[in-house]
Amino acid sequence: MMQDQSAQLYQEAKTLFPGGVSSPVRAIKPFPFFTKSASGSHITDVDGNQYVDCCLAYGPLILGHGHPAVREAITKQLESGCLYGTPSEAEVEYARKIKTYYPGMQMLRFVNTGTEATMGAIRAARGFTGRDKIVKIEGGFHGAHDAVLVKAGSGAATIGVPDSLGVPVDVAKNTLQVPYNDIQALEETLSAHEGEIACLIMEPVMGNMGPILPKDMYLRAVRNVTKEHDVLLIFDEVITGFRISIFGAQGYYGVEPDLTTLGKIAGGGLPIGVFGGRKDIMETVAPQGGVYQAGTYNGNPLSLTAGMATVEVLEKENVHHKVNAKGRALWQSLNDVVRGLKMEDQVTPTGIASMFQLFFGPQPENYEQALKADKVRFMKFWQHMLQNGVFFPPSQFETNFLSLAHSQADMEQIVTACKKSLAVVK
Ligand code: PLP
């Protein structure tokens, strides 16, 4: 596989950007491929190599790259302007649509990234309760802001800086941690800090340590315990929203949080974040209340249009039924591959809906267990996948995604590439 152009671009990129990239998880060793274009289920690099894309920009592209309905909606909106700095009808229509699937989001705010959404939700929780401390789940990733860069997953875990430099100790001390799937630890923490904790923020299904699923009844127990201790529950559904089901993880598991954050799919491939929830909490957000949140690009019409077009396709084409069936079939095939190679004690295929990963170790239940996976072997496997024309996110602690655009031939290519790549690293 020729990658000369990418290698050359990387030489210059290294002098321009820290680590040669605009976001840490893209920093593949020895150098990342530079993308020229993407369409449907495929991504093509500047050297002309084409890959089946299971990274899909880390989650937003459930319809694949450049779905015609989304492109058409964006093009049409461009003709009417791309930014107004005023309220727009699209805002009202899209908020109404979101509420039909996330009824707990009685009021909401459109922002531009998942990071901004979790920042806003946490600030609203703190403002509403008048408390400073928050609890997060170890290995959960909620974007790159101070309050949540403590034992963070995703790129932070991959490059080994889960506790970022530059986060003031005084900020980090207000972020308490509990392991995922451990209701007792949560209960103990909430009891030990009774009356001090504003909220628990969590991904209902962990997507930033690879997908790790909640144990039976765990999310319900979380809901009960947070209620008992008068602590607000924030579900960060930036990955799982519109992904696990059109109703997100909260609809899938039937557990309603006090506040929800959305992003990724909600923007149909353009930048977006949304936070919302109980009316009494959201009424504390400015200008109605004293919790300040603002943004030049908030509710930008292009993202709203792309998001709305995406959700309409999800509705009309019964997309979840299709992509989740692909996810189930792939999981089955990957298990057959692992068994066929007699690697059951080394590799565990895992996943839910259209999210999947191969863990180089046993199925983890939490961050501590996930960290024990054989990362070095995973990266060797990853390199072989790329050589076999399949692009997975370059980390054991990310999730692979499927989209509406993945064809039967793509699925077969993924399975064949896994078989070959696993055999090499056996
Ligand atoms: N929350 C979760 C669960 C995420 O996975 C991410 C990003 O991957 C974020 C928040 C931050 O979103 P963004 O990258 O749009 O700022």
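**Figure 1. Two domains make up this predicted model.** Domain 1 is built from two stretches of the chain, 4-66 and 318-425, while domain 2 covers 68-315. Taken over C-alpha atoms, the centres of domain 1 and domain 2 lie 25 Å apart. Where the two meet, domain 1 brings 37 residues to the contact and domain 2 brings 41.

**Figure 2. A look at the area buried between domain 1 and domain 2.** The size of an interface is often expressed as the accessible area that is lost when the parts come together. Here that buried area is about 3000 Å², and carbon and sulfur atoms give 65% of it. Three residues deserve a close-up: His 320, Ile 352 and Tyr 367 supply 23% of the area that domain 1 buries against domain 2, more than any other three residues.

**Figure 3. Polar links across the interface of domain 1 and domain 2.** Look here for 13 residue pairs in polar contact, with both residues of each pair at pLDDT 80 or more. The interface also holds one salt bridge. On the side of domain 1 that touches domain 2, the elements giving two or more residues are helix H12 (319-340), strand E11 (348-352), strand E12 (355-359) and helix H13 (367-370). Strand E12 gives the largest share, with four residues. Sorted by class, this side of domain 1 has 21 nonpolar residues, 14 polar ones and two charged ones.

**Figure 4. Close-up of the salt bridge between Lys 215 and Glu 365.** The closest N and O atoms of Lys 215 and Glu 365 are 3.4 Å apart. By the rule used here, the count of salt bridges comes to ten.

**Figure 5. The salt bridge of Asp 336 and Arg 339 in helix H12.** The closest N and O atoms of this pair are 2.9 Å apart. Asp 336 and Arg 339 are separated by about one helical turn, because they stand three residues apart in helix H12. Asp 336 counts as partly exposed, at 40% relative accessibility, and Arg 339 is also partly exposed, at 42%.

**Figure 6. A salt-bridge network that includes Arg 278 and Asp 280.** Salt bridges with shared partners join Arg 223, Asp 258, Arg 278 and Asp 280 into one network. Within it, Arg 278 and Asp 280 pair up with their closest N and O atoms 2.8 Å apart. Arg 278 is partly exposed, with 27% relative accessibility, and Asp 280 is partly exposed too, with 37%.

**Figure 7. The side chains of Lys 173 and Asp 170 meet in a salt bridge.** The N to O distance in this pair is 3.4 Å. Lys 173 has a relative accessible area of 49%, so it counts as partly exposed. Its partner Asp 170, at 52%, is exposed; the two fall into separate classes because the cut-off for exposed is over 50%.

**Figure 8. Thr 305, a buried residue of helix H11.** Helix H11 spans residues 301-316 and contains Thr 305. With 14% relative accessibility, Thr 305 counts as buried, because the class takes in values under 20%. Setting aside residues up to four places away in sequence, Thr 305 touches Ala 73, Ile 74 and Gln 77.

**Figure 9. Lys 372, an exposed loop residue.** Lys 372 sits in the loop between H13 and helix H14 (375-387). Its relative accessibility is 64%, so Lys 372 counts as exposed. From Lys 372 to Leu 270 the C-alpha atoms are 35 Å apart in space, and the two residues are 102 apart in sequence.

Terms used
Residues numbered from 1 in each chain as written. Predicted model: local features only at pLDDT ≥ 70, side-chain atom pairs only at ≥ 80, totals over all residues. Heavy atoms only, no water. Domains from an automatic or database assignment. Contact = heavy atoms within 4.5 Å. Buried area = accessible area lost by both parts, 1.4 Å probe. Salt bridge = Lys/Arg side-chain N within 4 Å of Asp/Glu carboxyl O. Polar contact = N/O pair within 3.5 Å; in protein donor to acceptor, adjacent residues only side chain to side chain. Nonpolar A, V, L, I, M, F, W, Y, C, P; charged D, E, K, R; others polar. Buried < 20%, exposed > 50% of the residue type's maximum accessible area, 1.4 Å probe, protein only.
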